[in-house]
Amino acid sequence: MKEIEKDKENNKENYLISIVGEQMLDGETDKIEVLTAGNFMKKKDHYYIGYKEYDEDNPETFFNNLIKVEDDTVTINRKGPMRSQLMLQRGRRHQCIYQTVAGDLSIGVFTKTLENRLTEKGGVLEVSYTLDFNTDLVSENRFVIKIEEKQ
């Protein structure tokens, strides 16, 4: 893991990362779009995407996000005031932990589709999944991450 941290320092946010996320809940769709600078690299057979996510209400607060992309699995680690780890594996359901101010929350995540079109120079990652709590559907979700080198 130290090698990845060292590489992140050498590749100081040389990529533009565009994230479009959609959440469908009770017939309504909520869409979030983010464009940020970040890191992107390939190590062995895995891609890593790193970026900071700032709190709109408190701009001094941010989360470090690290996304690891393997063949049919995407793992999203979020570190900051509250931590979470989301494992998305095509066709599989996983239990994931979200840290909230009220305590830890265990959420079921079922990955419906996962399309990885990443190369060493960037590319696109598309994932759709459902979230459930006590096996009751909470929401349907989708995100598209586009990565390109800064000009």
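**Exercise 1.** How many residues lie between strand 5 and strand 6 in the hairpin that they form?

*Solution.* The model is predicted, so that local features need pLDDT of at least 70 and side-chain atom pairs count only at pLDDT 80 or more, while totals for chains, interfaces and linings use all residues. Residues are numbered from 1 along each chain as its sequence is written, and side-chain values use heavy atoms, with hydrogens and water left out. Begin with the elements, since strands are DSSP runs of E with at least two residues, numbered from the N terminus. Next take the pairing, for which DSSP must find at least two bridges between two strands: strand 5 and strand 6 are antiparallel over six bridges, and N77 stands opposite Q85 in strand 6. The hairpin of strand 5 and strand 6 has four residues between the strands.

**Exercise 2.** Determine which turn residues take a positive phi in the hairpins of strand 1 with strand 2 and of strand 2 with strand 3.

*Solution.* Strand 1 and strand 2 (residues 28-43) pair in the antiparallel sense over 11 bridges, with G21 opposite I32 in strand 2. Two residues separate these strands in their hairpin, where D26 has a positive phi near 50°. Turning to strand 2 and strand 3, one finds antiparallel pairing over six bridges, in which M41 has Y48 of strand 3 as its bridge partner. This hairpin also has two residues between its strands, and K44 in the turn takes a positive phi of about 55°.

**Exercise 3.** Describe the surroundings of H94, and decide whether H94 is buried or exposed.

*Solution.* First locate H94, which belongs to strand 7 (residues 93-100). Its relative accessible area is 15%, and because buried means under 20%, exposed over 50% and partly exposed in between (1.4 Å probe, protein chains only), H94 counts as buried. Then list the contacts (heavy atoms within 4.5 Å): leaving out residues up to four places away in sequence, H94 touches M87, Q89, I107, G108 and V109. Finally, the side chains of H94 and Q89 make a polar contact at 2.9 Å, a term that requires a pair of N or O atoms within 3.5 Å, of which, within protein, one must be able to donate a hydrogen and the other to accept it, residues adjacent in sequence counting only if both atoms are side-chain atoms.

**Exercise 4.** Which residues does I145 contact, leaving aside neighbours within four places in sequence?

*Solution.* With those neighbours set aside, I145 is in contact with I17, S18, I19, I49, I67, G123, V124 and L125.
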